[in-house]
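Here is a set of questions and answers on one protein chain. Each answer works through its reasoning and closes on the value or name asked for.

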Amino acid sequence: MKDVSGIIASQVMHTPVLCADPEDTVSKLEDRLEDRHISGMPVVEDGRMIGIVTQNDIVRLPALMDSMTNYVYNELLSSGPMLESADENNDGMPDNLSFRGQVDSMKVRDAMRRKVITCEPATPVEQVMELMSDHNVHRIVVTEGEHPVGIISTLDILKLLTGRETPRS
């Protein structure tokens, strides 16, 4: 394995950073991620980073919506016979109660995580690896102030460690 001492974030980060607009739909974001063959991107509004969104965040949305639907349905059932005359889908759930249909129209702002793990361009790569491990994340956004200037993924680190990629000067 390659020794990474002396290598800093700016030498391995990808630039320019592809960023998501918080007002874009999740559906549009999915297309961008697929077209670019990437799995996540920072969310930027008015030039400053306000969150991060990944394919994992998007994949979890239908399950979250189903969970919300079940919770609301069970709460309504426990409060009385309000739902007896409602049209039901195949699951016995009233059609008008399902939140799942809202996923396609959801905004990136609704799916993103606000806590973003970041580092500065001069951060040693060893520290970047520790951040990834400590926070259980697959990407670190390299920032100058509130502005993303690069991104480092676990794949970038793996390529560096195996010698398949060399750091830039």
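Q: What share of the 169 residues in the chain is buried?
A: The model is a predicted one. A residue counts as buried under 20% relative accessible area. Of the 169 residues in the chain, the buried share is 37%.

Q: How many helices and strands does the chain have, and in which order do the elements run?
A: The secondary structure consists of 6 helices and 5 strands. Read from the N terminus, the order is α-α-β-β-α-α-β-α-β-β-α.

Q: Among contacts between residues at least 6 apart in sequence, what percentage joins residues at least 24 apart?
A: Contact here means heavy atoms within 4.5 Å. Of the contacts between residues at least 6 apart, the portion joining residues at least 24 apart is 60%.

Q: What percentage of the accessible surface belongs to carbon and sulfur atoms?
A: The chain has an accessible surface of about 10300 Å². The part of that surface belonging to carbon and sulfur atoms is 47%.

Q: Where does Asp24 lie, and is Asp24 buried or exposed?
A: Asp24 sits in the loop between helix H1 (9–12) and helix H2 (26–36). Its relative accessible area is 17%. The cut-off for burial is under 20%, so Asp24 is buried.

Q: Which residues does Asp24 touch, not counting those up to four places away in sequence?
A: Sequence neighbours up to four places away are set aside. The residues that Asp24 then touches are Met106, Lys107 and Val108.

Q: Which side chain meets that of Asp24 in a salt bridge?
A: Side chains of opposite charge can pair when their charged atoms come close. For Asp24 the N to O distance in the salt bridge is 3.5 Å. The partner is partly exposed, with a relative accessible area of 45%. That partner is Lys28.

Q: Which residues gather in the patch of negative charge on the surface?
A: One member, Glu34, lies in helix H2. Glu34 has a relative accessible area of 59% and is therefore exposed. The residues of the patch are Glu30, Asp31, Glu34 and Asp35.

Q: How many residues apart are Glu45 and Arg109?
A: Glu45 and Arg109 form a salt bridge, with the closest N and O atoms 2.5 Å apart. This pair links distant parts of the chain: Glu45 is in strand E1 (residues 40–45), and Arg109 is in helix H4 (residues 108–111). Their separation along the chain is 64 residues.

Q: What are the relative accessible areas of Glu45 and Arg109?
A: Glu45 is partly exposed. Arg109 is partly exposed too. The value for Glu45 is 28%, and that for Arg109 is 24%.

Q: Where in the chain are Asp57 and Arg113, and how many residues apart are they?
A: The side chains of Asp57 and Arg113 meet in a salt bridge, at 2.9 Å from N to O. The pair links distant parts of the chain. Asp57 belongs to helix H3 (residues 55–78), while Arg113 is in the loop between H4 and strand E3 (118–119). The two are 56 residues apart.

Q: Which residue counts as buried, Asp57 or Arg113?
A: Arg113 has a relative accessible area of 35%, so Arg113 is partly exposed. Asp57 has a relative accessibility of 7%. Burial requires a value under 20%, so the buried residue is Asp57.

Q: Which residues do salt bridges that share partners join into one network?
A: The structure holds 4 salt bridges. Some share partners and form one network. The residues joined there are Glu23, Glu45 and Arg109.

Q: How far apart in space are Thr54 and Arg113, C-alpha to C-alpha?
A: Thr54 is in strand E2 (residues 48–54) and is buried at 4% relative accessible area. Leaving aside neighbours within four places, Thr54 is in contact with Ser39, Gly40, Arg113 and Arg139. Thr54 and Arg113 are 59 residues apart in sequence. Their C-alpha separation in space is 8.8 Å.

Q: What distance separates the C-alpha atoms of Thr162 and Lys2?
A: Thr162 is in the segment after helix H6 (154–161). Thr162 is partly exposed, with a relative accessible area of 45%. Thr162 and Lys2 are 160 residues apart along the chain. Their C-alpha atoms are separated by 6.1 Å.

Notes. Residues numbered from 1 in each chain as written. Predicted model: local features only at pLDDT ≥ 70, side-chain atom pairs only at ≥ 80, totals over all residues. Heavy atoms only, no water. Helix = DSSP H or I, 4+ residues; strand = E, 2+ residues; numbered from the N terminus. Buried < 20%, exposed > 50% of the residue type's maximum accessible area, 1.4 Å probe, protein only. Patch = residues over 30% accessible without salt bridge, like charges linked within 9 Å, V, L, I, M, F, W, Y side chains within 5 Å. Areas by Shrake-Rupley, 256 points an atom, 1.4 Å probe, with all protein chains shown as cover. Lys, Arg positive; Asp, Glu negative; His and termini not counted. Charge placed at Lys NZ, Arg CZ, Asp CG, Glu CD.
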